[in-house]
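Work through the following exercises with the sequence and the coordinates at hand, and compare each step with the solution given below the task.

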Amino acid sequence: MTGETRTGLVFSHRYLQHNTNPYRLASGARLPFVEQVDHPSNPRLVDRTMHLVDLSGLSERLTKIEPYLASEEAILACHTPGLVERVKAADAAGGGDAGRGSPVGRGSYDIARLAAGGVMAAADAVMAGDVRRAYALVRPPGHHAVADLGMGFCVFNNIAIAARHVQRQHAVERVMILDWDVHDGNGTHSIFYDDPSILFVSLHQPELFPVGWGLIEQVGDGDGAGRTVNIPLPAGSGNAAYLAALEEVVAPIARQFGPELIMISAGQDASASDPLGRMSLTTDGYRQMTQIMIDLAEECCGGRIVAAQEGGYSEIYGPYCTLAIIETLAGRGSGIEEPLVDERSSAWPQTSTVGLDARATLDAVKARQSEYWQLA
Ligand SMILES: [Zn+2]
């Protein structure tokens with residue numbers, strides 16, 4: 001911890017009203033169990049996270065930032081009018097799909113606008129100096145949404161919309177987005193693929209979702225060449241590999257890029273207990289990753305850093321990982337203990353050592369990206 005720092009938190013109970021259940025994943029159709037289970041992107045993760053932050057006593061030390069509805073103009077900076085109309089129509093019909101696997105229920109159009117506006121509000125507060133750092137605990141997530149389609153539980157691309165908003169409203173040129181959600185941030189990747197003003201770095205499990213995205217050789221196009229950095233860490237990678245990726249690849253590229261704002265697509269589905277990912281990060285890993293990004297922000301951009309909730313599906317462990325991130329941003333521990341048995345999780349092979357497959361991936365990323373950046 002580097003000392004208590006004025007830190008903002010965005011949350012609204014309206015986020016919990018985004019109902020994904022009418023479009024829950026079909027399993028009863030061909031399996032012997034016919035009972036439906038909730039959609040993985042149900043409200044409980046965000047609800048339980050907010051509850052834990054409250055119970056920890058941390059919320060009273062955070063500055064509450066009110067989200068607002070993103071304007072259509074702000075959304076259209078990253079999306080097509082067709083997607084906006086599609087979401088509105090699905091909402092009016094009482095439910096539908098914003099694209100490929102992104103459920104929309106009644107009221108979801110405004111809630112999705114409030115999610116994008118929540119990340120925008122967090123960025124506004126940081127840019128205005130009202131807070132130094134901010135976490136936007138929003139829902140639905142955004143990083144899979146491409147220009148004309150929602151994808152993978154995401155309706156509008158919250159972080160992309162907020163990054164564009166910051167460039168237009170706060171006279172910022174260069175924004176860095178680090179996406180550590182276990183899935184590739186294909187939406188953000190595609191929206192900014194030829195844009196040299198946005199450095200997009202994604203740490204993810206390869207070929208998890210969506211397939212065909214997040215490859216090392218996808219580095220950006222035209223003027224944006226070298227501004228997309230994909231780091232597909234092998235399944236099973238734990239704290240050591242993630243920290244090595246941040247120290248060896250992310251930090252040196254960030255220093256050379258020189259962002260004026262750092263944003264994090266913070267999906268905590270690379271946690272050791274996540275049902276949708278196969279990584280082994282612990283709260284300690286999230287704490288250290290956050291600290292590295294804070295140090296980079298202090299070095300590069302006056303400490304300005306905004307993190308936004310993406311995925312995360314372990315109802316028990318996910319909230320603790322997010323609490324660890326918010327605590328680190330706030331520079332203040334809550335005293336809540338690591339819920340995994342510490343002696344066991346700290347003895348996992350990839351908690352303290354970088355596996356050979358992960359080492360090979362990092363070396364391959366460095367070889368490819370060294371066409372654009374100085375990497376040791
Ligand atoms: Zn994810």
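**Exercise 1.** In this predicted model, determine which residues of α12 are buried, and establish how they are arranged around the helix axis.

*Solution.* Begin with the accessible areas, taking under 20% relative accessible area as buried: in α12, the residues A358, T361, L362, V365, K366 and Q369 are buried. These residues cover an arc of only 135° around the axis, which puts them on the same side of α12. On the other side of the helix, L356 and D357 are exposed. Next, ask what lies over the buried residues of α12: the cover includes β10 (228-232) and α7 (239-257). Finally, check the geometry of the helix, for which the 14 residues of α12 (residues 356-369) should span 20 Å at 1.5 Å a residue; the end C-alpha atoms are 20 Å apart, which agrees.

**Exercise 2.** Establish how far strand β8 is enclosed by the rest of the structure, and identify the strand to which bridges join it.

*Solution.* Count the buried positions: five of the five residues of β8 (residues 175-179) are buried, so the strand is largely enclosed by the rest of the structure. Then sort the residues by direction, which gives V175, I177 and D179 pointing one way from β8 and M176 and L178 pointing the other way. This can be set beside the general rule that, in a regular strand, the side chains alternate between the two faces of the sheet. For the pairing, five bridges join β8 to strand β9 (residues 198-204), and the two strands run parallel; one position to inspect is I177, whose bridge partner in β9 is F200.

**Exercise 3.** Describe the largest nonpolar core and the surroundings of M293.

*Solution.* The largest nonpolar core has 112 residues, and those with the most contacts inside it are F156, M176, W180, I231, M263 and M293. Helix α4 (residues 108-128) supplies the largest share of this core, 14 residues. Leaving aside neighbours within four places in sequence, M293 is in contact with M176, L178, W180, L246, V250, I262, I264 and I305.

**Exercise 4.** Search the whole structure for aromatic pairs, and classify the pair formed by F153 and Y313.

*Solution.* The search finds four aromatic pairs. For F153 and Y313, the ring centres are 5.9 Å apart and the planes stand at 80°, so the pair is edge-to-face. F153 lies in the loop between β7 (150-151) and α5 (158-169), and Y313 in the loop between β12 (305-309) and α9 (318-330), so the pair ties together parts that are 160 residues apart in sequence. To complete the description, both F153 and Y313 are buried.

Conventions
Residues numbered from 1 in each chain as written. Predicted model: local features only at pLDDT ≥ 70, side-chain atom pairs only at ≥ 80, totals over all residues. Heavy atoms only, no water. Core = buried A, V, L, I, M, F, W, Y, C linked by side-chain atoms within 4.5 Å. Buried < 20%, exposed > 50% of the residue type's maximum accessible area, 1.4 Å probe, protein only. Helix = DSSP H or I, 4+ residues; strand = E, 2+ residues; numbered from the N terminus. Contact = heavy atoms within 4.5 Å. Phe/Tyr/Trp six-rings, centres within 6.5 Å; stacked < 30°, edge-to-face > 60°. Expected span 1.5 Å × (residues − 1). Arc of directions from axis to C-beta. Pairing = 2+ DSSP bridges.
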